[in-house]
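Let's take a walk through the inside of a protein together. Have the sequence and the 3D view ready, and follow along at your own pace.

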Amino acid sequence: MTMNSQGSARKGTLLLLLISNLLFCQNVQPLPICPGGDCQTPLPELFDRVVMLSHYIHTLYTDMFIEFDKQYVQDREFIAKVINDCPTSSLATPEDKEQALKVPPEVLLNLILSLVQSSSDPLFQLITGVGGIQEAPDYILSRAKEIEEQNKRLLEGVEKIISQAYPEAKGNGIYFVWSQLPSLQGVDEESKILSLRNTIRCLRRDSHKVDNFLKVLRCQIAHQNNC
């Protein structure tokens, strides 16, 4: 990666965090998936709403991850202990947009569904774990709770897309169990922080995949543009 691309990436991340903070502080939320309880939203509009929501969730994860590191990660020795593997790493997913475009839409939808569904338990444990560590900043906990709430809406939106576009594919998602979650209840403070950081990192990684896959699907299914 060149210096220019690194600088652009940093600027992009800062812009996302600024937007996230503005939305969060002003209590501005993405459009509802089913306005007024009416779930007859046309597919292109439904995709737009779901993509906006998934992007919002990813910016919240990014914000929380950076703030968590500022608060608890003080040295490189600690970072070196971080577990690189994630529970959903065994789920075969496309590595980039080009690969995602080659995956049948109904398969990609179920990959998205699996990632969104599998984040529910670790999100709950994350909220419990963050609340149990010393001097836990309120803004980290509040963002975790906000993500949990928005993730429920995202799951609803993905299920609505499947029902409209590929009803025969409904129920084909794979639910992953996060095996390292019990370690969040450990008594050792450093181990607990290490597990929490890895949980946030993995959830952020999965949310980035969901965001990218949804954008590919929106292009393929809803708008039929040149992807």
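Before we look inside, one term will help: a cavity is a set of grid points where a 1.4 Å probe fits but cannot get out, and its lining residues have an atom within 4 Å of a point. Keep in mind that this is a predicted model.

How many cavities of 30 Å³ or more does the structure hold? There is one, and the largest cavity has a volume of about 90 Å³. Try finding its lining on your screen: Ser54, Ile57, Tyr61, Leu115, Val116, Ser119, Asn151, Leu154, Leu203, Asp206, Ser207 and Val210. The elements that each give two or more residues to this lining are α2, α5, α7 and α8. Of the elements, α8 contributes the most, with four residues. By character, the lining residues split into seven nonpolar, four polar and one charged.

Now for the nonpolar core. In soluble globular proteins, nonpolar side chains tend to be buried together. Here, the largest nonpolar core has 51 residues. Within this core, Met64, Phe68, Leu108, Ile112, Leu126, Leu154 and Leu214 have the most contacts. Two or more core residues come from each of α2 (43–72), α5 (105–118), α6 (120–131), α7 (138–165) and α8 (189–223). Which element gives the most to this core? That is α2, with 14 residues.

Let's zoom in on one of these residues, Ile112. Setting aside neighbours within four places in sequence, Ile112 is in contact with Val158, Val210, Phe213, Leu214 and Leu217. You have already met Val210, which is one of the residues lining the largest cavity.

Definitions and conventions. Residues are numbered from 1 along each chain as its sequence is written. This is a predicted model: local features need pLDDT of at least 70, side-chain atom pairs count only at pLDDT 80 or more; totals for chains, interfaces and linings use all residues. Side-chain values use heavy atoms; hydrogens and water are left out. A nonpolar core is a set of buried Ala, Val, Leu, Ile, Met, Phe, Trp, Tyr and Cys residues joined through side-chain atoms within 4.5 Å. Buried means under 20% relative accessible area, exposed over 50%, partly exposed in between (1.4 Å probe, protein chains only). Contact means heavy atoms within 4.5 Å. On a 1 Å grid over the protein atoms alone, a cavity is a set of points where a 1.4 Å probe fits but cannot get out, and a pocket is an open set with protein on both sides within 12 Å along at least five of seven lines; lining residues have an atom within 4 Å of a point. Grid points are joined across faces, edges and corners, and a volume is the space filled by probe spheres set on the points. Ala, Val, Leu, Ile, Met, Phe, Trp, Tyr, Cys and Pro count as nonpolar, Asp, Glu, Lys and Arg as charged, and the others, Gly among them, as polar.
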